[in-house]
Every structure is written in C-alpha cells, then in structure tokens.
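Here are some short exercises to work through with the structure open beside you. Try each task before reading its solution.

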There are 2 protein chains.
Amino acid sequence: MPAQNKVSLPVIKRLPKYYRYLVNLSAEGREKVSSSELAHMMGTTASQVRQDFNCFGGFGQQGIGYKVNVLLDEIGRLLFGDGELLPTILIGAGRLGNAVSSFISRDTNGYRLIAAFDINPDLVGREMSGVTIRPLEELESFCREHKPVVAVLCVPRQSAVEVSGELVRLGIKGFWNFSHYDLSVEHPEVTVENVHLGDSLMSLGYRLRNG
Amino acid sequence: MPAQNKVSLPVIKRLPKYYRYLVNLSAEGREKVSSSELAHMMGTTASQVRQDFNCFGGFGQQGIGYKVNVLLDEIGRLLFGDGELLPTILIGAGRLGNAVSSFISRDTNGYRLIAAFDINPDLVGREMSGVTIRPLEELESFCREHKPVVAVLCVPRQSAVEVSGELVRLGIKGFWNFSHYDLSVEHPEVTVENVHLGDSLMSLGYRLRNG
C-alpha cells in the first residue's frame with residue numbers, strides 16, 4: 001500500500017508507539033485488538049486511532065476489531081519499508097555514540113551501520129557495533145564511495161555546526177541528531193529527528209521538585 | 001517563586017526547550033528577548049509563550065521584552081530547584097547505561113549519581129561516571145542506607161518489570177526509564193519519564209522512505 005504524502009507529523013510520531021504495543025500483543029498470542037483497546041494503551045481515543053489508521057487506508061474492518069498480525073505487518077512495512085536497510089554512518093564514537101550505534105546495528109530497525117567516524121586518535125581503529133571507527137578526514141572519500149543516506153550525530157553542538165553542512169553536501173538525506181544544534185533551520189531540505197536526552201531529565205526534575 | 005500545582009504536562013515538557021534556547025541567547029550576549037522571537041525558536045506562537053510563562057507568574061513585563069538572564073534564572077530554578085541535587089541510582093550499566101550515566105553525573109542537570117547496579121559479573125566492580133558498579137544483590141541494603149530518590153532504568157523490558165516494584169517499595173519516587181516497560185500503569189504513584197530511543201529512529205525511517 002503506498003503511503004499518502006499528506007500524513008501529519010504527529011500521526012507519524014505515533015506509528016512507532018502503535019508498533020511497540022502490537023509487538024507486545026503479538027508476543028502474548030493475541031489475534032485481535034479493538035480501536036478502543038489500542039486507544040487505552042496509547043492514552044488517546046478510539047476515534048483518534050481510527051483517524052490515524054485511515055491515513056494509511058484503514059488497516060481492516062473496525063466493527064470486528066483489527067487483526068494484530070495484519071496491523072503489525074502493515075505498520076512495520078510503513079516504518080521499515082520492504083526490507084531494504086538505509087546505509088548509515090555515525091559521527092562521534094564516544095560513550096553516547098557507542099550506545100546509539102547498537103540501535104542502528106539491529107537490522108530490525110531498518111538501518112545498516114556502514115561506518116563510524118571520530119576525531120579522537122584513541123578511538124580511531126577500534127571496532128564498534130561491527131564497524132571500524134575511522135578518522136574524520138576519511139569522511140568525504142568514504143561518502144563518495146559508499147553513499148550513505150543517514151547520519152547519526154553524537155557530537156557536541158559546535159562540532160555538529162561544523163560537520164552538518166558537509167554531510168548534507170555529501171548526500172546525507174536524514175539525520176538522527178543527538179547534538180543540541182537544530183540543523184533543520186539551515187538545512188530545511190533534509191529530514192531531521194532531534195533527540196534531546198537532557199530534556200526528559202529536566203522535566204523529571206521539575207515534576208519531582210514541584211509535584 | 002512557588003510553582004503552581006496546576007501546570008499541565010505539555011507546558012512542563014516545553015520548559016527544557018526554553019531553557020536550552022535561553023542558554024544559547026545568553027552565551028551570545030543577548031540581554032532581551034521578545035515573546036515572538038521565543039515563539040519563532042520554539043515553533044509556536046507568541047501568545048502560547050506568554051500563556052506558558054503566565055503559569056509561573058509571567059517572568060516580567062512583556063511590552064518591553066523579557067530579560068534573558070532573569071528568564072534563565074527563573075526557569076533554571078523551576079527545573080533544578082535551589083541547587084539541591086536529587087540522589088540517583090542507575091540500574092543496568094551496559095552501553096546505554098554507561099552513556100546515560102554521564103547525563104546524571106553532570107551537576108548542572110540537578111541530579112547526583114550515587115550508585116550503579118548490574119547483574120553482569122564482568123561489569124561489577126568497574127568505575128562508571130564516578131561510581132563503582134555494584135551487584136544487584138546489594139540494591140536493597142544500599143537503598144535502605146542511602147535513600148536514593150531517582151532510578152534510571154537501562155535494562156531490557158523484562159528486567160524492568162522485575163526490578164521496578166522493588167525500587168518503588170524501596171522509596172524511589174522518580175524514574176528515567178529507557179526500558180520499554182511502562183511502569184506507570186502498575187505504579188501510578190511515581191513520576192516516570194519514558195525515553196523510547198527507537199521511536200525517533202523509526203519515525204525518521206518512515207519519513208525517509210515515504211517522504
């Protein structure tokens with residue numbers, strides 16, 4: 001089923017959550033699930049669930065409930081395509097990069113880690129999640145030869161400012177961005193997912209101190 | 001200024017983002033900022049910014065703009081309290097736990113890492129972000145003696161199911177939860193921030209494959 005271009009970002013952001021719940025339901029051996037049960041798990045309404053699914057053609061008859069495995073297949077295909085893995089490089093192989101690389105190297109996520117880069121000579125040459133850490137000087141020649149599509153930025157803000165323009169020029173289309181530099185302002189043509197880990201930690205602190 | 005209890009979760013979740021922008025403005029030497037400029041940076045409206053700030057007393061006169069350093073101080077105090085650090089333990093000292101521990105051990109975030117625990121004998125005894133990794137068997141005696149308030153869960157879903165009840169019983173009030181177990185269903189009395197790193201990766205994949 002081809003996806004419509006019109007799907008809004010909030011709907012897209014909910015797809016992984018649906019997917020996670022469906023993986024759990026499937027693991028429990030459940031065959032059917034209703035929109036109201038999905039709504040309860042998602043913290044939303046049954047009407048919202050049906051609206052979300054209608055963006056993608058509806059995923060089956062709502063009167064008798066949805067088939068768990070059909071939903072899982074359809075949403076999985078939307079998220080991961082038809083099995084083709086997106087070639088991905090990682091910039092910044094420190095502690096955060098090391099942890100994050102394990103998400104990329106799990107085939108089930110739809111990506112394939114093909115290289116990691118760092119400026120630290122102590123890290124260059126080491127293995128990480130199945131790839132060798134290369135010096136940043138090799139970035140351009142590597143990208144010209146291997147044509148990665150996605151870059152994961154696990155570097156500080158200033159390094160991200162410096163490297164992101166080059167990455168866009170070298171053909172990177174999507175960024176999983178852990179730096180605090182919002183590169184989509186200067187590069188609106190690429191797709192960016194920003195992860196601000198500290199934000200949830202600060203929110204937690206607020207809620208604990210002011211609850 | 002005492003915070004009101006009525007502040008809604010979406011407003012709380014925006015506070016760290018305001019804080020990050022203000023840190024940047026302050027670093028650039030800016031003294032004043034308008035609600036419309038803040039709105040532009042936040043991707044929202046000036047009216048929303050003023051509404052958000054009114055939840056906390058307004059933060060100064062809107063006609064002439066906000067003073068950057070006043071905003072930074074006030075929002076900083078909301079997020080981090082008056083300098084008292086929340087004693088925090090980390091469960092699961094693998095690659096993710098190792099990366100995440102560095103966020104806790106930065107004093108600026110308002111937390112103080114006092115111990116890490118793991119079941120892996122290869123990790124027990126090692127140093128991580130200034131603390132020694134302890135065997136999980138020591139969890140109960142450690143908590144009774146040192147009274148941590150926050151737990152960071154960097155373990156798989158099943159381990160989170162097993163350990164979270166014990167942590168609540170031992171007095172943990174807040175969880176920074178990287179497992180895929182939504183413990184707030186069974187423990188509604190505690191404050192939980194869930195981080196699903198894979199979700200943003202899946203959303204990115206959808207947008208790249210279906211853009």
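## Exercises on a two-chain model

**Exercise 1. Find how strand 4 and strand 6 of chain A pair, and over how many bridges.**

Solution. Strand 4 (residues 111-118) of chain A runs parallel to strand 6 (residues 131-135) of chain A, and the two pair over 3 bridges. Keep in mind that this is a predicted model. For a concrete pair, look at Phe117(A): its bridge partner in strand 6 of chain A is Arg134(A).

**Exercise 2. Place these strands in the sheet of chain A: what is the strand order, and which strands lie at the edges?**

Solution. Begin with the order, which reads 5-6-4-3-7-8-9 in an open sheet of 7 strands with mixed pairing (chain A). Next, go to the two ends: strand 5 (127-128) and strand 9 of chain A are the edge strands, each pairing on one side only.

**Exercise 3. Turn to chain B and work out why one side of strand 5 and of strand 9 is left without a neighbour in the sheet.**

Solution. Chain B has an open sheet of 7 strands with mixed pairing, in the order 5-6-4-3-7-8-9. Strand 5 (127-128) and strand 9 (191-194) of chain B are at its edges and have a single partner strand each, so one side of each lacks a neighbour in the sheet. Elsewhere in chain B, strand 3 (residues 86-91) and strand 7 (residues 150-153) pair in the parallel sense over 4 bridges. There, Leu90(B) has Val152(B) as its bridge partner in strand 7 of chain B.

**Exercise 4. Determine which rotation superposes chain A on chain B.**

Solution. A rotation of 180 degrees, with 0.0 Å of shift along its axis, brings chain A onto chain B with an RMSD of 0.0 Å. The two copies are therefore related as by a two-fold rotation axis. The same surface serves both copies, since 100% of the contact residues of chain A recur in chain B. To locate the axis, find Ala99(A): of the residues of chain A, its C-alpha comes closest, at 3.2 Å.

**Exercise 5. Describe the interface: how many residues are in contact, and about how much area is buried?**

Solution. Start with the count: 64 residues of chain A contact 64 residues of chain B. Together the chains bury about 5500 Å², with 61% of it on carbon and sulfur atoms. Arg95(A), Tyr206(A) and Arg209(A) supply 15% of the area that chain A buries against chain B, more than any other three residues.

Now look at the polar side. Across the interface of chain A and chain B there are 28 residue pairs in polar contact. Several elements of chain A each supply at least two residues to the side touching chain B, among them helix 1 (9-27), helix 5 (95-104) and helix 8 (197-210). Helix 8 of chain A gives the most, with 14 residues. By type, the residues on this side of chain A divide into 32 nonpolar, 20 polar and 12 charged.

**Exercise 6. Find a salt bridge across the interface and one within chain A.**

Solution. Side chains of opposite charge can pair when their charged atoms come close. The interface of chain A and chain B has 4 salt bridges, and the count over all chains is 14. Glu193(A) pairs with Arg207(B), their closest N and O atoms being 3.0 Å apart. Within chain A, Asp52(A) forms a salt bridge with Arg14(A), with 2.8 Å between the closest N and O atoms. This pair links distant parts of the chain: Asp52(A) is in helix 3 (residues 46-54) of chain A and Arg14(A) in helix 1 of chain A, 38 residues apart.

Definitions and conventions:
Residues are numbered from 1 along each chain as its sequence is written. Chains are lettered from A and ligands numbered from 1 in the order in which they are written. This is a predicted model: local features need pLDDT of at least 70, side-chain atom pairs count only at pLDDT 80 or more; totals for chains, interfaces and linings use all residues. Side-chain values use heavy atoms; hydrogens and water are left out. Copies are superposed by least squares on the C-alpha atoms of residues with pLDDT of at least 70 in both. Contact means heavy atoms within 4.5 Å. Buried area is the accessible area (1.4 Å probe) that two parts lose on being put together, summed over both. A salt bridge is a side-chain nitrogen of Lys or Arg within 4 Å of a carboxyl oxygen of Asp or Glu. A polar contact is a pair of N or O atoms within 3.5 Å; within protein, one must be able to donate a hydrogen and the other to accept it, and residues adjacent in sequence count only if both atoms are side-chain atoms. Ala, Val, Leu, Ile, Met, Phe, Trp, Tyr, Cys and Pro count as nonpolar, Asp, Glu, Lys and Arg as charged, and the others, Gly among them, as polar. Two strands pair if DSSP finds at least two bridges between them.
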